[in-house]
Amino acid sequence: QTRAKTLSSFSEKAARKSKEFNDPVNQFTDLCGARVITHSQHQVDKVCRFIRENFIIDEVRSQDKITQLDISEFGYLSFHYIVSIKADNILGISIPKQARNLKAEIQVRTLLQHAWADISHDRVYKNPIKVPDKWIRESARLAALMEKADHSFEELADGIDSFNVNYGLFMNAERFEYEEEILRAILENEQESRSRQRHALILARLLKTAGQWREVVDVLAPFSKSRSKHGS
């Protein structure tokens, strides 16, 4: 999810905080923002690592909501990074010079963390009216349930992924040959690049379980050349 601050919103904030900011274009940290919503905490960690590798982080203004909670608390979980550009391009996308010193916010959280924040957090903690304690307690209870569900989904995904990597070990020779034939046929006739890569990986994993390393290299080699050509 992305959004740019509207001119009216910028003007209002600049007017209200004129004593605090004398150069709002360069001082505001929310001229634009993005929210990355992932399936799992493992993916959150990868996105956070990518952000740290490709942006300058304003550590003072950035927040790790996870570490801010006490060990006995359950609530808002999310990473909030205030970032600026540190290179002429990111993933091959050129960055205009006038944007180099400007700041933006990137939030990263899982789908369940986002659901809780979107439905509960804003109503409870951003409500101008004091919310009764019983609803605050109910919100914390839901946060605990969703955190547990997040961990359960992570374990489920890891288990299935592990099985997929080694599923060839559970096949007899006849089934192995059948799967290999099907995957090679799909790979040969598939035209869409992303789908070709996905089926190539599946076939490579199958061949790896049989120790057919030469075939693994042959299957993946065309995609290695493609990635090198595009610099990705």
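Me: Buried means under 20% relative accessible area, exposed over 50%, and partly exposed in between (1.4 Å probe, protein chains only). With that settled, is L111 buried or exposed, or partly exposed?

Reply: L111 counts as partly exposed, because its relative accessibility is 47%. Keep in mind that this is a predicted model, where local features need pLDDT of at least 70, side-chain atom pairs count only at pLDDT 80 or more, and totals for chains, interfaces and linings use all residues. Residues are numbered from 1 along each chain as its sequence is written, and side-chain values use heavy atoms, with hydrogens and water left out.

Me: Ok. Where does L111 lie?

Reply: L111 lies in helix α5, which covers residues 111-125. Helices (H or I, at least four residues) and strands (E, at least two) are DSSP runs, numbered from the N terminus.

Me: And which residues is L111 in contact with, leaving aside neighbours within four places in sequence?

Reply: I37 and T38. Contact here means heavy atoms within 4.5 Å. Another residue to look at is Q41: the C-alpha atoms of L111 and Q41 are separated by 9.4 Å, although the two residues are 70 places apart along the chain.

Me: Zooming out, how many helices and strands are there in the protein?

Reply: The protein has nine helices and eight strands. It has 232 residues, and buried residues make up 30% of them.

Me: What share of the contacts between residues at least 6 apart in sequence join residues at least 24 apart?

Reply: That share is 61%. For a pair far apart in sequence, try F153 and H39, which are 114 residues apart along the chain, with their C-alpha atoms separated by 8.5 Å.

Me: Which helix is F153 in, and is F153 buried, exposed or partly exposed?

Reply: F153 is in helix α6, residues 133-165. With a relative accessible area of 48%, F153 is partly exposed.

Me: Switching topic. How many disulfides does a search of the whole structure find?

Reply: Zero. The test is a pair of cysteine sulfur atoms within 2.5 Å.

Me: What about C32 and C48, buried or exposed, or partly exposed?

Reply: C32 is partly exposed, since its relative accessible area is 36%. C48 is buried, since its value is 7%.

Me: On to α8. What should its 17 residues span, and what is the distance between its end C-alpha atoms?

Reply: Helix α8 takes in residues 193-209, so at 1.5 Å a residue it should span 24 Å; its end C-alpha atoms are 25 Å apart, which agrees. The expected span is 1.5 Å times one less than the number of residues in the helix.

Me: Which residues of α8 are buried?

Reply: They are S195, H199, A200, L203, A204, L206, L207 and T209. An α-helix has 3.6 residues a turn, so residues three or four places apart point the same way.

Me: R198 is in α8 too. Is R198 exposed or partly exposed?

Reply: R198 counts as partly exposed because its relative accessibility is 47%. R198 and L187 are eleven residues apart in sequence, and their C-alpha atoms are 9.2 Å apart in space.

Me: What follows α8?

Reply: G211, whose phi is positive, near 75°.

Me: Which residue other than glycine has a positive phi?

Reply: L91 is one, with phi near 55°. L91 is found in the loop between β6 (89-90) and β7 (93-94). L91 is exposed, as its relative accessible area is 69%.

Me: Where does R100 lie, and what does R100 touch?

Reply: R100 is in the loop between β7 and β8. Apart from neighbours within four places in sequence, R100 is in contact with S84, I85, K86, A87, D88 and I95. Of these, K86 is 14 residues from R100 in sequence and 7.1 Å away, C-alpha to C-alpha. R100 is partly exposed, as its relative accessible area is 25%.

Me: Last one. Is E179 buried or exposed, and what does E179 touch?

Reply: E179 counts as buried because its relative accessibility is 16%. E179 has its place in helix α7, residues 173-189. Not counting residues up to four places away in sequence, E179 touches M171 and L206. You have met L206 already, among the buried residues of α8.
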